[in-house]
Amino acid sequence: MGRWSELVQPPSLQAERSDTGRAATWLELFFDLAFVFVIAELALALGKDLTLGGLRDFTVLFFASWWAWVGYTIYANRFDTDDVVYRAGKLLAMLAVAAIAASAQEAIGRDAPRFALAYAALSAVLAGLYLRAYRHVGDARAVIRVYLAGHGLGALLWLTSVWVAAPGRYWLWACGLAVQVAAPVVASTRPDSQPLQVEHLPERFGLFVILVLAESIAAISQGVHDIEWRPAGLAVAGAGFLAAVGLWWLYFDLAGSSAKQRLLDRSDQRGSFAHDVYAYGQLPIALGLAAFGVGLEHAILESGDEVLNAGTRWVLCGGVAVSVAALAGIQVGITGSLRSGFPWPGAGALLAGGLSLAAGFPPVLVVAVLAVIIVVVVVGGIAKERAGDLDTADSPR
């Protein structure tokens, strides 16, 4: 009986445990890897259709996939006991994520029913985990009901869409996402809302960003392979790698690290608006970085052309602009001060956005200028940190 009780541990609030150093578990990292394939498939789909329609579909599907990941992250943040029941549910959810990846490229098309069925299964498993938490965590039942209703109704809407033709199917998807997104917002406004483990959230979002940035490195490798190591392509790849490194530095050591520190400073403020700003602001960061990776690969493939394709330019430079603007927006949202996000790093977003409109230039020049913009933003951040004007997680206290 004792062995069985070790394997099955009912959910409990993480915030009530004595071990306050909450870190990602190996199961969470394993779960994250399933989303690598979703991101890769969505990137392939965008690469085949660098138009406004393709970007729209990519954005919608990326948001749906990202939000599914967030849903499981929020649950684990509060109730993860890593017992055999939770592990079985999480591994079953991974199967659903694999099915989402397999149908992602044609999700707005012939594989829409399969995508919807997989997403419904993913939502249903999460609803089942919340139902288990509802049974065992009496103090949190009022809040759990909100999540249970959101994910349960969301699963039902996604499942119903399997048998509904377009465009009605996609309206059901929108409704399903809406109720699921609304759940944490509604829950956080309740006076009896249970606190999140704030230390855990930045680590989890950071790991997702790492996965997205890894797609940029994969894009460079694939692009160089496809152009057979031609000098022009290598020049674009080198500038693109510099840009990717700069984006990593900006997120993990500078703007992103500053946002993390500001969030931790407000960790005792239950229901704080800062938590929502930080969490929801991660979507455009990840979305922009994923688009940047797609644009970078295509810039390498087009390295022999006289002019960079407009779609490639928009996705490449626009992705950077969106990511940097989101980092600036998080700073402003958490502090309530425009000066915390502009001119640094917000001006970098404006420059990258302006570059996306600069037609008539060769690929190597566009990517090189983009890399210079990012490097300047990084150097500016380092200077602010050294001057004591930027409080990051690594800043001396």
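Ring pairs tie Trp66, Trp67, Trp69, Phe205, Phe208, Tyr278 and Tyr280 into one cluster. A pair here means rings of Phe, Tyr or Trp (the six-membered ring for Trp) with centres within 6.5 Å; planes under 30 degrees apart are called stacked, over 60 edge-to-face, and the rest tilted. The model is a predicted one, with local features needing pLDDT of at least 70 and side-chain atom pairs pLDDT 80 or more, while totals for chains, interfaces and linings use all residues. Residues are numbered from 1 along each chain as its sequence is written, and side-chain values use heavy atoms, with hydrogens and water left out.

In total, the structure holds 23 aromatic pairs. Phe31 and Tyr72 make up one of them: the ring centres sit 5.2 Å apart and the planes meet at 45°, so this pair is tilted. Since Phe31 belongs to helix α2 (residues 26–48) and Tyr72 to helix α3 (residues 52–79), the pair ties together parts that are 41 residues apart in sequence. Helices (H or I, at least four residues) and strands (E, at least two) are DSSP runs, numbered from the N terminus. Phe31 and Tyr72 are both buried, where buried stands for under 20% relative accessible area, exposed for over 50%, and partly exposed for anything in between (1.4 Å probe, protein chains only).

Another pair is Trp69 with Phe208, whose ring centres are 4.8 Å apart with planes at 50°, so it too counts as tilted. This one links distant parts of the chain, with Trp69 in helix α3 and Phe208 in helix α8 (residues 200–226), 139 residues apart. Trp69 and Phe208 are buried as well.

Charges also turn up over ring faces, the criterion being NZ of Lys or CZ of Arg within 6 Å of the ring centre and within 35 degrees of the ring normal. Lys90 lies over the face of Phe31, 4.7 Å from the ring centre. Arg141 does the equivalent for Tyr134, at 5.4 Å from the ring centre.

Next come the empty spaces. On a 1 Å grid over the protein atoms alone, a cavity is a set of points where a 1.4 Å probe fits but cannot get out, whereas a pocket is an open set with protein on both sides within 12 Å along at least five of seven lines; lining residues have an atom within 4 Å of a point. Points are joined across faces, edges and corners, and a volume is the space filled by probe spheres set on them. The structure has four cavities of 30 Å³ or more, and the largest holds about 60 Å³. Its lining consists of Trp67, Ala68, Gly71, Tyr72, Tyr119, Leu122, Ser123, Leu126, His151 and Gln180. Helices α3 and α5 (112–136) are the elements that give two or more residues to this lining. By class, the lining of the largest cavity splits into six nonpolar, four polar and no charged residues, with Ala, Val, Leu, Ile, Met, Phe, Trp, Tyr, Cys and Pro taken as nonpolar, Asp, Glu, Lys and Arg as charged, and the others, Gly among them, as polar.

The second largest pocket encloses about 300 Å³. Of its 20 lining residues, Ala40, Ala43, Leu44, Ala219 and Glu297 are the closest to the centre. Elements giving two or more residues to this pocket's lining are α2, α8 and α10 (273–301). Eleven nonpolar, five polar and four charged residues make up that lining.

Helix α10 also holds Gln282, which is buried at a relative accessible area of 3%. The Gln282 side chain makes a polar contact with the side chain of Tyr251 at 2.7 Å; such a contact is a pair of N or O atoms within 3.5 Å where, within protein, one must be able to donate a hydrogen and the other to accept it, and residues adjacent in sequence count only if both atoms are side-chain atoms.

Finally, some backbone oddities. Most residues other than glycine have a negative phi, and most peptide bonds are trans. Asp82, in the loop between α3 and α4 (84–103), has a positive phi of about 55° and is partly exposed at 27% relative accessibility. Glu228 likewise has a positive phi, near 55°. Glu228 sits in the loop between α8 and α9 (231–265) and is exposed, with a relative accessible area of 64%. Glu228 and Leu301 are 73 residues apart in sequence, with their C-alpha atoms 9.9 Å apart in space. Cis peptide bonds join Phe342 to Pro343, with omega about 15°, and Trp344 to Pro345, with omega about 0°. Pro343 lies in the loop between α11 (310–335) and α12 (346–355), and Pro345 is in the loop between α11 and α12 too.
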